[in-house]
Amino acid sequence: MRKGDIIHGLIRGLAVIECFDEDHARLSITDVSMRTGLERATARRCLLTLVHLGYASYDGKFFQLTPRVLNLGHSYLAGTPLPRLIQPFLEELSHATSESTSAAVLEGTDILYIARASTRRVMSINLGAGARLPAYCTSMGRILLAALPPEEARAILDRSNRVAYTERTKADIAGLVTELAVVAAQGFAVIDQELELGLCSIAVPLFNASGQVVAGLNIGAQTARAPTSRMIAHFLPLMRKVQAEVRPLLR
């Protein structure tokens, strides 16, 4: 790719869209400038362009994204067969376990949820298609990182903002590298209250017909209801079944 092929205005516009999140739903020009690192005048032009296109609203002080932004995510979901293909399997697995199930892909240092079947809310935040969580401390993140060449996974860990969300969070590089090696060897990842106290999860990779890892599949539950030992004993065989059933369907 040549340097002249890059449209920097588009990069800045997308950065402005991405700086809005659950904790920053309404932002001023100054807020956006600080969160993106853009000059205030540049942030203002990007925001006013989004308003002009219908992707944001403006009340004279604060900007807020509009539902039209969902069209951007819909374009990905509509053009990618995996979310549609995996959804029935997630719902069947959720019904069999009475727990929430999800599928996600690796996106930078995060996992991006592409499908979910939820029986109950297990986290303090809402998770659905389009939600993001850090890869280093999530079961799907670790299963996806473990599928990468070690040097590539290490580079992602180095770039990650490795916060210790709880006293159980593995956030040091050496510990995470060791953990990824274990995950790669056993073929599944388990998280025990590393992202949120009282929450545990288990994940396996989803392969395509060529044997490439294309996504992660997980089950998340409250620890009191389904500790990690129960997940490994009772949930993992069901997840292995889904893993095998999906593989020949993914090209």
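1. Let's start in the middle of the sheet: strands E4 and E5 run antiparallel and are joined by seven bridges. One pairing to look for is Ala103, whose bridge partner in E5 is Ala115. Bear in mind as you look around that this is a predicted model.

2. Now zoom out to the whole sheet. Which strands form it, and in what order? It is an open sheet of six strands, running E6-E5-E4-E9-E8-E7, with antiparallel pairing. E6 (132-134) and E7 are the edge strands; each has a single partner strand, so one side of each has no neighbour in the sheet. On average, neighbouring strands here are turned by 30° against each other, ignoring direction. As general background, strands of a sheet pair through backbone hydrogen bonds, either parallel or antiparallel.

3. Over at the E7 edge, E7 (residues 189-192) and E8 run antiparallel, with four bridges joining them. Ile191 is a handy marker, as its bridge partner in E8 is Ser201. The two strands make a hairpin with six residues between them, and in the turn Gln193 has a positive phi of about 60°.

4. Next, two helices that meet these strands. Helix H6 (residues 139-146) lies across E4, E5, E7, E8 and E9, and runs at about 155° to E9. H9 packs on the sheet as well, touching E7, E8 and E9, and its direction makes about 25° with that of E8.

5. What about the cores? The largest nonpolar core has 29 residues, and Ile86, Leu90, Ile202, Leu217 and Met239 have the most contacts inside it. At least two core residues come from each of helix H5 (81-97), strands E4 (100-107), E5 (110-117), E8 (199-207) and E9 (213-222), and helix H9 (228-246). H9 is the top contributor, with six residues. Apart from this core lies another, of 25 residues, including Tyr136, Cys137, Ala153 and Leu180.

6. Leu90 is worth a click. Which residues does Leu90 contact, beyond its neighbours within four places in sequence? They are Thr101, Ser102, Ala103, Ala115, Arg116, Ala117 and Leu217. Ala103 and Ala115 are the bridge partners from the first point, and Leu217, like Leu90 itself, is listed among the core residues with the most contacts.

7. Finally, have a look at helix H1 (residues 8-18). Which of its residues are buried? They are Gly13, Val16 and Ile17. Viewed down the axis of H1, these buried residues fall within an arc of 100°, so they line one face of the helix. In general, an α-helix has 3.6 residues a turn, so residues three or four places apart point the same way.

Technical notes:
Residues numbered from 1 in each chain as written. Predicted model: local features only at pLDDT ≥ 70, side-chain atom pairs only at ≥ 80, totals over all residues. Heavy atoms only, no water. Core = buried A, V, L, I, M, F, W, Y, C linked by side-chain atoms within 4.5 Å. Buried < 20%, exposed > 50% of the residue type's maximum accessible area, 1.4 Å probe, protein only. Contact = heavy atoms within 4.5 Å. Pairing = 2+ DSSP bridges. Axes fitted to C-alpha atoms, helices over the stretch in contact; angles between N-to-C directions. Arc of directions from axis to C-beta.
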